[in-house]
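Here is a friendly tour of one structure, with an eye to backbone geometry, one helix and one enclosed space. Have the viewer open as you read.

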Amino acid sequence: MDTGIEDPEKKKKKEEKAREKELKRQKALEKAAKLQAQQGNSSKKSEKKNVKRSNEEDNNAKDFIEPETPRGEKKRMSAQMAKQYIRGGMSGGRKLGYFVADAKSSKPPFVIVSVAASNVTGALHIGHALTAAIEDTIIRWRRMSGFNTLWVPGMDHAGIATQVVVEKKLMRESKLTRHDIGRDKFVSEVWNWKNKYGGTILQQLRRLGASLDWSRECFTMDEKRSKAVREAIVRLHKQRFIYRDNRLVNWDCVLRTAISDIEVDYTDIKKRTLLMIPGYENAVEFGVLTSFSYPLEEDLGEIVVATTRVETMLGDTAIAVHPDDVRYQHLHGKHAIHPFNGRRIRIICDAILVDPEFGTGAVKITPAHDHNDFNVGKRHNLEFINIFTEDGKMNEDCGEFAGMPRFIARNAVAEALKKKGLWKDAKTNEMRIGVCSRTKDVVEPMMKPQWYIKCSGMGKEALDAAIRDENSMLEIIPRHYTADWKRWLENIRDWCVSRQLWWGHRVPAWYAVFDGDMPEDFGASDERWVVARNQEEAHALAGQTFEGMKFQLVQDPDVLDTWFSSGLFPLSVFGWPDDTEDLRAFYPTSVLETGHDILFFWVARMVMLGITLGGNVPFTKVYLHPMIRDAHGRKMSKSLGNVIDPVDVINGISLEGLQEKLLDGNLDPGELAIAMEGQVKAFPNGIAECGADALRFALLSYTAQSDKINLDIQRVVGYRQWCNKLWNAVRFAMSRLGDEYLPPSNASPDMFPFCCQWILSVLNKAISKTVLSLESYEFSDAATTVYAWWQYQLCDMFIELIKPYFSGNDSKFAAERGFARDTLWVCLDNGLRLLHPFMPFVTEELWQRLPSSCDHKRADSIMTSEYPSVLECWTNERVESEMNLIEAIVRSLRSLAKESRERRPAFVLCRTVVDWEVICNHQMEIESLANLSSLMVINEKDDVPTKCVVSVVNEKVTVYLKLEGSHSAEIDLEKIRKKIDDINLQQEKLLKMMSVAGYSEKVPEKIQQVNADKLESLRKEMLSLREAGQHMESSNRQHEKLLKMMSVAGYGEKVPEKIQQVNADKLESLRKEMLSLREAGQHMESSNRCE
């Protein structure tokens, strides 16, 4: 509550500050007056000096200006390091040939192909940036490790996605559909789009630092890749893997094509829900179960059925009941009559489909428009009646409803049933609807003749490649996705590879049309199809098959599924089907990196096609990264306004800039309004400029997050700030090395000071752990290891520890200064090379500024230098153990000091001789790191320091820091009790999680160990708190008892002086003990929080 009375202490401080400010102002005025008095006598001299100083400053300023660098060349650097890292970094790798692989190289190959992340729809999003960051980190690390690295840049033509984009553009700009302008002109429009916007993606990849071999850049519809697609279809057809069939597909009525399962988003409807559907002015209601009856023949009454799609009753050809359902046994083999067309509808028995306990126990069967009903139709040899046109209207077989859009017909059929007295009721019903991810149209199951690839045999080979117990050819990382691989491939269905689109690889199949054929009969006879590489070959084959007959060949208008050409990419990129030098050198590739959502749609198909057509798996490892969501866990969507362009994170962008990009996009007005509102909420101040290094590092550090990443841009901003810290740390180090410094040819740490031996030993461990993490594809662990070494060991510890060597140029530290310079250079050189795969730009620029050894020629670029490796002579476990103790002491002292930078005396109580010697030998290090004015090492025989706060480092060491102030024992005891309660809750939560069924089998061992360590840490903390609390309560009781006894009337006269002195000493001892215990209790929680 505000009492209106100012705190006297605050008031006093304000007055002191005001006096200091006034004193400074007076001194400044006096100085100015003095200068003015002298000005008349020395104006000319001052003018000359000012001109000289101005010129010097101008000249010095030029040293900090970055020279302009021609595109593609290595960056030209300023003569002096700026005070802040200018994000942009080094370039030139592409033009200088660092990224080009040599098929003749004697080095072991390491190859990555990349295609699924890049398509021609306009731009990459942040998920693609994750792919690029991971793949570039791998390839840079392998390049520096001595491999002949090849990272192939590929661009996918993205059939449906690209066609949708261009169709929307055509409608927005010309109010025309693709059908209005015709196929040839539309395809030409798409090529124009590709040529105009395809380069955007490649430019984004370059901005991210992707070290792709740009000389091998390819596109899934260029001539070489198209040749491979045609050859693959012909070979698979000859091997009888490809066939044609008329079966149910997911049909998009807007695109008028079959779509794959990955292009269908499923929405669960819990209640009656109105949804806007493309092509409809009014919202359509879903979540309704309509019941109606069919009249039965022979005056047997009626039979009631229910459906969520009442319009499909126009295609019903049967009603199914369970054979054991006594209610309908008298109807077995009977017929119902269709109320609108008089068609006889069979009553069939089907124990597989029908659950007699659900609904009425009678199920209407529409074999041509429902996947379950399709299977029933096959089992019972039912008639398949298609009732929809390709654009979603009722066809000519629907009588009075013909020509109606399907959802308009839904209401019309319901009204007609009511008029006939057959309608029963409509109830709310939970349901699931499939919506096309591109058009938002409700997907309609439809019977369409399509081309299929038999997958059972190929799927079995792909399955065995990954799950074979010994000599497995394919490793999936993380390992738990192998279960998904097994589940999918064990239940694999044949692959529908044809699409009714105009953009894509035209199916290389021609149909023989004879005189007298009707247009609607096109494709009806499977025997008339000819599959060939080109029309000339098709004519030759057809001439043999239809010898002596007059025919014309018409190519199938359909195109192939985009995933087919993408599935061939590991082969086609190296020149397959030709036997090329690249194919022999680089196939199979090393690793395929992608999102886990396309493990089946892309990865499995690449493996199937690679084994079948290439004779081997296309890669030996598959790494599946998590899927990126926004900070709130939502899927990124343009219509939500939460899609992030990686270049906007690199360069920064205002909210206005983000919204301008939306306006230039393809969103309809309704989606645009929602997206703009979403941007205002997500990025009210736009996106800060972060640079490519920070973005890459943030994305890599997120990869430990299971299967989803909730991306917070503020985390990227944090790594941008860390880039500046890195820059300034190196800048400081360079100032200590000096302009004339020459690095040593090798670093033998035997004679080095303690801190130098330590930093090299922990650098060794960082190198080892980083390499092991990279080899295990644990990118987050690798990034964390490198970050921790730079941040906490080099910057926070080592640089601080060597500062006294350089302070004042003291002669007694001359040798240490030399050793420190050498160690500093070795750390910077190795540390930058260690970090380079993660942060290529800043590390390249900093490394180029390092002085190079005169004994051997250094690589032209850090990206072609050698990746650091462990040197056994650097490892020193004794030094690390001693530094661990020093670090623990410093952490405790810093925790006690909190945010204060005031230098204070401190004490370290040692209970063992070993720790005593270590601390005595390293007092300077502790004083420097903990910012102490002095440090005294004491043992248990010495008096406990008074007026100190205390922290228990471990069972052998306790630290005390001088601080003023008093505390209430009850308040501190209450804090301890609350902390104990908090730990109890944490323990219960952790134990509950660890006792869940299947914990030991499902949770990775690494996580189990982390949880076990946390539980043990909580147990120890609990014991310490309870012990502190018990001691505090005991001391408090003794203190109160003694005070009570000493305050009894006549105590001073009746009790002997000797006893009084003993009691007084005891009271003082208890007071000191209580002070220490209270301070320990007060700061224990603070210590834990800081740690």
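## Backbone, helix and cavity

A quick word before the details: this is a predicted model.

**The whole protein.** The protein has 33 helices and 32 strands. Of its 1091 residues, 50% count as buried. Take the contacts between residues at least 6 apart in sequence: 75% of them join residues at least 24 apart.

**Unusual backbone spots.** Most peptide bonds are trans, and most residues other than glycine have a negative phi. With that background, which residues does a cis peptide bond join, with omega about 15°? The pair is W576 and P577. P577 sits in the loop between α14 (569-572) and α15 (581-586). A further cis peptide bond joins Y587 and P588, where omega is about 0°. On the far side of α15, P588 belongs to the loop that leads to β25 (589-595).

Positive phi angles also deserve a look. R240 and D299 each appear in the table below with the loop that holds them.

| Residue | Phi | Loop | Relative accessibility |
|---|---|---|---|
| R240 | about 65° | between α7 (223-238) and β4 (242-252) | 66% |
| D299 | about 55° | between β9 (288-295) and β10 (302-307) | 78% |

Neither R240 nor D299 is a glycine. Are they buried or exposed? Exposed means over 50% relative accessible area, so R240 counts as exposed at 66%, and D299 does too at 78%.

**Helix α6.** This helix covers residues 183-207, which is 25 residues. How far apart should its ends be? At 1.5 Å a residue the expected span is 36 Å, and the end C-alpha atoms are 36 Å apart, so the two values agree. Even so, α6 has a kink of about 35°, centred on N195.

Which residues of α6 are buried? They are R183, F186, V190, W193, K194, G198, I201, L202, Q204 and L205. An α-helix has 3.6 residues a turn, so residues three or four places apart point the same way. It is worth keeping that spacing in mind as you step through the buried set, which includes F186, V190 and W193 as well as the charged residues R183 and K194. After the helix comes G209, with a positive phi near 90°.

**An enclosed space.** Rolling a probe the size of a water molecule over the atoms shows where empty space is left. How many cavities of 30 Å³ or more turn up in this protein? The count comes to 4. The second largest cavity has a volume of about 50 Å³, and its lining is made of G159, I160, E263, R499, L501, L560, D561 and T562. By class, that lining has 3 nonpolar, 2 polar and 3 charged residues. The nonpolar ones are I160, L501 and L560, and the charged ones are E263, R499 and D561.

**One last stop.** T545 lies in helix α12 (residues 535-545). With a relative accessibility of 52%, over the 50% cut-off, T545 counts as exposed. How far is T545 from E527? The two are 18 residues apart in sequence, and their C-alpha atoms are 9.5 Å apart in space.

Notes:
Residues numbered from 1 in each chain as written. Predicted model: local features only at pLDDT ≥ 70, side-chain atom pairs only at ≥ 80, totals over all residues. Heavy atoms only, no water. Helix = DSSP H or I, 4+ residues; strand = E, 2+ residues; numbered from the N terminus. Buried < 20%, exposed > 50% of the residue type's maximum accessible area, 1.4 Å probe, protein only. Expected span 1.5 Å × (residues − 1). Bend = angle between axes of the 7 residues up to and from the residue. 1 Å grid on protein atoms, 1.4 Å probe; cavity = no way out; pocket = protein on both sides within 12 Å on 5 of 7 lines; lining within 4 Å. Points joined across faces, edges and corners; volume = space filled by probe spheres on them. Contact = heavy atoms within 4.5 Å.
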